[in-house]
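New to this one? Here's a quick briefing to read with the structure open beside you.

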Amino acid sequence: MALLTSRNIVFAALRKSLKAFLPPFYQEEFKRIYWNAAPLRLYRKITSFGKAHYCPVCQSHVREFLPFGLNSRNALCPVCGTVERHRLVWLFLQRKTNLFALPKKKLLHVAPEFHFSTLFQKSKALNYVSVDLIGAPAMVKADVTALGFPAETFDVIYCSHVLEHIPNDQKAMQELWRVLKKDGWAIIQVPIESKTTFEDPSIVDPKERERLFGHVDHVRIYGADYYERLQKAGFKVAREQLAEQKDRLVAQKLGLIPEEEITVCTKQTS
Ligand SMILES: [Zn+2]
């Protein structure tokens, strides 16, 4: 236990220093290498081993998930770096969708998380394209409000925790709808932390944004009307959950948030 506690302190200090001294692109690169490099991952898998928790993304049994952010204590997988929302989406994709089954599907991954990009690229069922405003490590550099792909290019879109950073989120939703094929589906996740959405474009001070929107880069805090925004862009919206979230002990073991939902958007032909 003492070893784990001291490792958590070192880990938190390292994260803080990286944020302070490295530009965002290098922070992402560092995180990608740190979490994905096979020897490091094997070392973490051995030293974190335990029976209390299981991460379905890296398939590791671990003693504990590490703290992450302001409020999450049972959050970060010490082996692969995923947090609650990643594990939920991963389980959902595996159990409730045909994403990893043939025939091959064209997948667009917006602002690709390193946790998933390697796994998506390895799948024989996916023709994978990633896109980000800053370019590498994404494959295509583009703004989510002007993607540049022809209409109806993708069978599936995965876009998680992106829209809360985008001033014109309605335009981004319309663009995601445009590039999705008819009968295609998209998982479009945002943090829902308010009753109704609050945004104010005049708030640009990072500290004020953090205070009001929860993060220095967020431009709004979403409420339950988020789903109406997606519908306005043309999507049919379903709010999904997994059976594992309803069982307190299972949710705790997998490090899932019981109330979290998956927002599944479909582009219907009629
Ligand atoms: Zn993991």
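What follows is a short tour of one strand, its partners and the core around it.

Keep in mind that this is a predicted model. A good place to start is strand β8, residues 154-160. All of it is tucked away: 7 of the 7 residues are buried, so β8 is largely enclosed by the rest of the structure.

**Who β8 pairs with**
- Strand β5 (residues 105-110) runs parallel to β8, and 4 bridges join the two.
- Within that pairing, His-109 has Tyr-158 of β8 as its bridge partner.
- Strand β9 (residues 180-189) also pairs with β8 in the parallel sense, this time over 6 bridges.
- Tyr-158 turns up again here, with Ile-187 in β9 as its bridge partner.

**How the chain gets from β8 to β9**
- Helix α6 (residues 169-179) joins β8 and β9 in a right-handed β-α-β unit.

**The core**
- In soluble globular proteins, nonpolar side chains tend to be buried together.
- The largest nonpolar core here has 32 residues, and Ile-157, Leu-176 and Ala-186 have the most contacts inside it.
- Elements giving two or more residues to this core are β5, α5 (114-122), β8, α6, β9 and α8 (226-232).
- β8 gives the most, with 5 residues.
- Take Ala-186: leaving aside neighbours within four places in sequence, Ala-186 touches Val-156, Ile-157, Cys-159, Leu-176, Leu-180 and Cys-265.
- Apart from this core lies another one, of 10 residues, including Cys-55, Phe-65, Leu-76 and Val-79.

Note on methods
Residues numbered from 1 in each chain as written. Predicted model: local features only at pLDDT ≥ 70, side-chain atom pairs only at ≥ 80, totals over all residues. Buried ≥ 20, exposed ≤ 12 C-beta atoms within 10 Å, placed from the backbone. Pairing = 2+ DSSP bridges. Right-handed = clockwise from strand over helix to strand, strands pointing away. Core = buried A, V, L, I, M, F, W, Y, C linked by C-beta atoms within 7 Å. Contact = placed C-beta atoms within 7 Å.
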